[in-house]
Amino acid sequence: MTNNLDRVELSLVGRKRSERLFKFYGFLGILIAFLFLITILYSVISQGQKAFFTTFIKVNIFFDSEIIDPQNQRNDEDIRYANFNKIITESLKKKFPENLNKNDSKELSSFISSSEADYLSEFVVKNKDYIGKYKNMWLLASSNIDVIVKNPEMEDLDEEDRLISDKQLGWLNQIRLNKELKKELNKNFFTKADSTEPEQAGIWGSLVGSFLTLLITLILSFPVAVAAGVFLEELAPKNKFTEFLEVNINNLAAVPSIIFGLLGLAIFLNIMHLPRSAPIVGGMVLALMTLPTIIIATRSSLKSVPPSIREAAIGLGATRFQSVVDHVLPLAIPGIMTGTIIGMSRALGESAPLLMIGMVAFIVDVPTTFLDSSTALPVQIYLWKSTAARGFVELTAAGVIVLLVFLILMNGLAVFIRQKFEKKW
Amino acid sequence: MGFWSFFFIIVFLGLTTRWYGTNKALKLNSNIKEGPKLPSLPSYYGANAFLWLVISVLLFLIVWVFSKPYILDYILIQNIPKALIDEFGGTPNMLIDIIKATDISNIFPGTNPIIIENALYYNKIDKLIDSIAYSIILFVGLTVSIFSINRISFLFKARQAVEKTNINLLILCSTIAIIATIGIILSLIFEALRFFEKVNFFDFLFGFNWSPQTAIREGQVASDGAFGAIPIFSGTLLITFVAMFVAIPIGLFSAIYLAEYAKPSLRSTFKPILEILAGVPTVVYGFFAAITVGPFLKNFVGEFGFTIASESAIAAGGVMGIMIIPFISSLSDDVIRAVPQNLRDGSYAMGATKSETVKKIILPAALPGIMGAVLLAISRAIGETMIVVMAAGIAANLTLNPFESVTTVTVQIVTLLVGDQEFDSAKTLAAFALGITLFFATLFLNIIALRIVQKYREKYD
């Protein structure tokens, strides 16, 4: 007997150790998940915040009347067609007194974004007095320069791996020494749509596209899902048909999202001939996807309304339908709203089905109607990620930040509604 | 008549009908000094008229939306001179597409004048038939509302009628789920059958060579073996395996800690953190896998003198595993907490420590539920698209080495369909064959998982 007790006594040390170890493993699991989350957020934010600012270079522009308006007619159309790239290059050259050959001036001209020539021509059309005069202007730097300015560690790379040549780097450092370089809020990013040049590309077009798509999704899925939820939870008789309905809804919730894209492609585009890349089709596909989410949310929030409410209404002579529509449903609205917002936020982050229906096009215009070609926010992120130019890496991360901000806002709203309006019985 | 003016007229008509119907019923009621009044409340008479108006207008609008393209095409074909069709060479439908795509406000120089003329005609006709259709629908709506207002009498039980219609509408909404499922299955099967007309079913399912690009060149018959899906299935399974390798241990240990060890306060902080991982859009995970994890692994493994593909299965699978963690942890957490307390108490009474109880009593008891959770997670992983599209490869390699680049079913669907327009080629149809495989695989996994979880629940409830 004592022998046994001794054995228990002896084993206790090891057992306690394995107990501590096991608990530690559990904690480690959560810790690792948490670390992953932090790493993801860190890698996104550390790269993305760079894209919110962009580099400008101060250039003393000489509005050469020989180039702009050789005939001295001050005609708007002629000025618009003048070679403003040459004006920029010539003005840049004056920064560097050393003799520059033709190749050098080409390299120099790539300092400034290609959009600035248009900007200057509009400027001159409006202010014709400047023709033949000098003016100090801050011009948008090209993406390659911008990337180097934002990532100083890239200056140490070899010339082939760097985006700019040794000569360009020398000029850049000279500009920096003269304090002719500044970083400013990247307005293009917040107001423009996609572009081939990273410094001119923006998120606004895809944000509008996402908004239009989600509007369609909401209009289509919300009433249908609430109606289905009310029917299944409150009014449906228990029979084979409703059972079949429930099985279908559960299956629909588990179908991979890309399958919905295939459905959209085969039916909405190829049979119904709706326009490709349009928010209306995207909205329809996403509506089918969010349907189960909202139905399930509706049902669970209807379920949480106590039966006494129904009994009281029926006791006072209401029909079953009246008791549901006039009394139970209003009490369930906060829960339904919460579920709907969460469903919408999921739809906002969804991109796979949108790839199938062609919302991955390169679209330079901000969409204005439900039939315009457009992209959506997550698809824009995907598109930028697939683009080779180095400047798009930061834009992609910035796009992710914008997407996450919207998701946080939506989920915050859902939590707010839940805590503020939802009744605890 | 444009759409918006039509819309506002209908809204106005509807509200008027409702108001008029209610008022008519009120008047009928007030005329009765003694005896029974109308069988339903006056507002139900208004609601009934309103409902019928809305239903009939919606019905006709839907019919119009679907039939308009066909009617429009028919009218346009009648107008195109025969000479142009002969000269064009293609089918008349292609010509109509060209006409529709012509932007008359900004005509491309050198466009055939007949096409411009037809484009102008198209714009005119488009508006004209729209307004004709709207007028007809308006007329129908008006007739229906007059008819339903006329029905208001002592014999008509409006409440019953309204409730019946409403319930039928609710049922109609519920059946959308069925319609969607049928739509998915039919569209997938239909296109997949067209694919299997061109490629042998068994060659697809058991072939070892996947190179759809070679089979698309014109005049080339889809060569045998070009659509062998085995490398794709194996790639999918490899990435899923890597994902599960990451997700199951972390998810399960987190669940055990949350369910058995964590104090309530700790639990209420940790659970939302895990749920944030579930709320991150997959495109963000894809970005993370491609930009951060891929290069990191390449450098890290390179330190030891190994080489690793930049789009390796391990990068995509690992990040997918992170995405799956909350899925496994929250499902397993529910399952573990559902194990009855008296099992735990019995084990403690025998002198077992907490970890021994978890290992020897709770996990075996919860195993079916955890299996269900894992199966659901696997079905999630094989259907996941964006992570693999952004971080896994496109070339179909038949390998089990996670450091190499493999491709998955979803990646292939995306690469086959994005950008390509030709809808009759075996290449695009192959995407649907892969889609239906994916659909049935996930459906199968889900049904089994739900069965297991349900059986398990019955056991302890």
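Are α12(A) and α16(B) parallel or oblique to each other? In this predicted model, helix α12 spans residues 257–269 of chain A and helix α16 spans residues 426–460 of chain B; the two pack with their axes 10 Å apart, at an angle of about 135 degrees. Angles under 35 degrees count as roughly parallel, those over 145 as roughly antiparallel, and those from 65 to 115 as roughly perpendicular, with the rest termed oblique. α12(A) and α16(B) are therefore oblique to each other. Their crossing is left-handed. On the side of α12(A), the contact is made by A:Ile258, A:Ile259, A:Leu262, A:Leu265 and A:Ala266, and on the side of α16(B) by B:Ala431, B:Phe432, B:Gly435, B:Leu438 and B:Phe439. Sorted by class, the contact of these two helices comprises nine nonpolar residues, one polar residue and no charged residues.

The domain assignments offer a wider frame for this contact. For chain A, the assignment gives domain 1 as 55–185 and domain 2 as 204–421. The C-alpha centres of these two domains of chain A lie 47 Å apart. For chain B, domain 1 is assigned to 3–156 and domain 2 to 230–460. In chain B, the C-alpha centres of domain 1 and domain 2 are 50 Å apart.

Two further helix pairs belong to chain A. Helix α4 (residues 84–93) and helix α5 (residues 102–109) of chain A have axes that come within 9 Å and cross at roughly 105 degrees. An angle from 65 to 115 degrees counts as roughly perpendicular, and α4(A) and α5(A) are therefore described as roughly perpendicular to each other. A:Thr89, A:Leu92 and A:Lys93 of α4(A) make the contact with A:Ser105, A:Leu108 and A:Ser109 of α5(A). By class, the residues of this contact between α4(A) and α5(A) divide into two nonpolar, three polar and one charged.

The other pair consists of α17(A) and helix α18 (residues 391–421) of chain A, whose axes come within 8 Å and cross at roughly 165 degrees. Since angles over 145 degrees count as roughly antiparallel, α17(A) and α18(A) are therefore roughly antiparallel to each other. α17(A) passes α18(A) in a left-handed crossing. From α17(A), the residues A:Leu377, A:Pro378, A:Ile381, A:Trp384 and A:Lys385 meet A:Phe392, A:Leu395, A:Thr396, A:Gly399, A:Val400, A:Val402 and A:Leu403 of α18(A). The contact of α17(A) with α18(A) divides into nine nonpolar, two polar and one charged residue.

Helix α17 itself, residues 377–386 of chain A, has eight of its ten residues buried, so it is largely enclosed by the rest of the structure. The buried residues of α17(A) are A:Leu377, A:Pro378, A:Val379, A:Gln380, A:Ile381, A:Tyr382, A:Leu383 and A:Trp384.

The loops of chain A contain two backbone features of note. Most residues other than glycine have a negative phi. A:Lys179, although not a glycine, has a positive phi of about 60 degrees. A:Lys179 lies in the loop between α8 (166–177) and β3 (181–185) of chain A, and its relative accessibility of 68% makes it count as exposed. A:Ser277 likewise has a positive phi, near 65 degrees, in a residue other than glycine. A:Ser277 is located in the loop between α12 and α13 (279–303) of chain A. At 8% relative accessibility, A:Ser277 counts as buried.

In chain B, two residues illustrate opposite surroundings. B:Leu53 lies in helix α2 (residues 42–79) of chain B and is buried, with a relative accessible area of 1%. Residues up to four places away in sequence aside, B:Leu53 touches B:Ile10, B:Leu13, B:Gly14, B:Thr17, B:Gly141, B:Leu142, B:Val144 and B:Ser145. From C-alpha to C-alpha, B:Leu53 and B:Val284 are 47 Å apart in space, and they are 231 residues apart in sequence. B:Phe139, in helix α5 (residues 113–150) of chain B, is exposed, with a relative accessible area of 57%. B:Phe139 and B:Val57 are separated by 82 residues in sequence and by 9.6 Å in space, C-alpha to C-alpha.

Terms used:
Residues are numbered from 1 along each chain as its sequence is written. Chains are lettered from A and ligands numbered from 1 in the order in which they are written. This is a predicted model: local features need pLDDT of at least 70, side-chain atom pairs count only at pLDDT 80 or more; totals for chains, interfaces and linings use all residues. Side-chain values use heavy atoms; hydrogens and water are left out. Axes are lines fitted to C-alpha atoms, for helices over the stretch in contact, and angles run from 0 to 180 degrees between N-to-C directions. Helices (H or I, at least four residues) and strands (E, at least two) are DSSP runs, numbered from the N terminus. A crossing is left-handed if the near helix is turned anticlockwise from the far one by less than a right angle, and right-handed if clockwise. Contact means heavy atoms within 4.5 Å. Ala, Val, Leu, Ile, Met, Phe, Trp, Tyr, Cys and Pro count as nonpolar, Asp, Glu, Lys and Arg as charged, and the others, Gly among them, as polar. Domain bounds come from an automatic or database domain assignment. Buried means under 20% relative accessible area, exposed over 50%, partly exposed in between (1.4 Å probe, protein chains only).
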